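User: Could you take a close look at how the strands of this chain are held together, both by backbone pairing and by side chains? I'd like one connected walk-through that I can follow on screen.

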Amino acid sequence: DVQLQASGGGLVQAGGSLRLSCTVSGFAFDDYIVGWFRQAPGKEREGVACISSEYGSRYYPDSVKGRFTISSDNAKNMVYLQMNSLKPEDTAVYYCAATLGLLSSTPALYNVWGQGTLVTVSS
C-alpha cells in the first residue's frame, strides 16, 4: 500500500532548527511530486516546500524561503525538510504528501498524505 510517514517534529525555541523526515513506500518514488505542508490551529493548510525527485525542481513560498530546504534521497525513498531560523508562527502540524501531478503547493492537488508531526516553536 502507498504510504508516507512524517517524523522529526518536536519543541524548539525561536531561532532553532529541526529536520523532518518523510519515508515513502508502496509506489514509484521517482514518479511523484512530494511536498511538505503545515496546518496551524484556525488556519488553512499551506504548502511550505515541494520537490520533483526526478528533475530536482523545488518550490518554497515567501514565508519560508531562505529558511527551509527540501531534499530527497531517492535510493532510500526519503524526503527531508530542514527548517532553520524557526519562528513561533512556524508552529503547526507538518505533513508530507505526494501527487502524480505537476509541482504545486496546492494541498488539493495532492492525493496521498501521511500522518503529521507536530512542530512547536516557543518565543
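Analyst: Here is a walk through the cysteines, then the strands, then the charged side chains.

First, some ground rules: this is a predicted model, in which local features need pLDDT of at least 70 and side-chain atom pairs count only at pLDDT 80 or more, while totals for chains, interfaces and linings use all residues. Residues are numbered from 1 along each chain as its sequence is written, and side-chain values use heavy atoms, with hydrogens and water left out.

Let's start with sulfur. With a disulfide taken as a pair of cysteine sulfur atoms within 2.5 Å, the count is one. That one joins Cys-22 and Cys-96, whose sulfurs sit 2.2 Å apart. The link between Cys-22 and Cys-96 is right-handed, with 75 degrees about the S-S bond. In sequence, the two ends are distant: Cys-22 belongs to strand S3 (residues 18-25) and Cys-96 to strand S9 (residues 92-99), 74 residues apart. The strand names come from DSSP runs numbered from the N terminus (E for strands, at least two residues; H or I for helices, at least four). Cys-22 and Cys-96 are both buried; buried means under 20% relative accessible area, exposed means over 50%, and partly exposed is in between (1.4 Å probe, protein chains only).

Why does Cys-50 stay out of a disulfide? Its closest cysteine sulfur is the one in Cys-96, and at 12 Å that is too far for a bond. Cys-50 is buried too, at a relative accessible area of 0%. One residue touching Cys-50 is Ser-104, which also contacts Leu-109 and Tyr-110, leaving aside neighbours within four places in sequence; contact here means heavy atoms within 4.5 Å. Ser-104 sits in the loop between S9 and strand S10 (112-113), and at 11% relative accessible area Ser-104 is buried. A polar atom of the Ser-104 side chain lies 3.0 Å from the backbone nitrogen of Thr-106.

Now follow Cys-22 back into its sheet. Four strands make an open, antiparallel sheet in the order S1-S3-S8-S7. To be called paired, two strands need at least two DSSP bridges between them. The edges are strand S1 (3-7) and S7, each with a single partner strand, so one side of each has no neighbour in the sheet. Neighbouring strands here are turned by 15 degrees against each other on average, direction ignored; the axes are lines fitted to C-alpha atoms (for helices over the stretch in contact), and angles run from 0 to 180 degrees between N-to-C directions.

S1 and S3 pair in the antiparallel sense over five bridges. Within that pairing, Ala-6 stands opposite Cys-22, and Gln-5 faces Thr-23 of S3. S1 itself has two faces: Leu-4 and Ala-6 are on the covered one, with Gln-3, Gln-5 and Ser-7 on the uncovered one.

At the other end of the disulfide, S9 has its own partner. Seven bridges join S9 to S4 in an antiparallel pairing, and Arg-38 of S4 stands opposite Tyr-94. S4 is mostly covered, with six of its seven residues buried. S4 also runs antiparallel to strand S5 (residues 46-52), over six bridges, and there Trp-36 stands opposite Ala-49. The two make a hairpin with six residues between them, and Gly-42 in the turn has a positive phi of about 80 degrees.

Arg-38 leads us to the charged side chains. There are four salt bridges, each a side-chain nitrogen of Lys or Arg within 4 Å of a carboxyl oxygen of Asp or Glu. In one, Asp-90 meets Arg-38, with the closest N and O atoms 2.8 Å apart. Asp-90 is in the loop between strand S8 (78-83) and S9, while Arg-38 is in S4 (residues 33-39), which puts them 52 residues apart. Asp-90 also forms a salt bridge with Arg-67 at 2.7 Å, N to O. Arg-67 is in the loop between strand S6 (58-59) and strand S7 (68-73), so this pair ties together parts 23 residues apart in sequence. Through shared partners, salt bridges join Arg-38, Glu-46, Arg-67 and Asp-90 into one network. Arg-38 is buried, as are Arg-67 at 9% relative accessibility and Asp-90 at 1%.

Another salt bridge joins Asp-62 and Lys-65, at 3.5 Å from N to O. Asp-62 is exposed, with a relative accessible area of 68%.

Conventions: A polar contact is a pair of N or O atoms within 3.5 Å; within protein, one must be able to donate a hydrogen and the other to accept it, and residues adjacent in sequence count only if both atoms are side-chain atoms.
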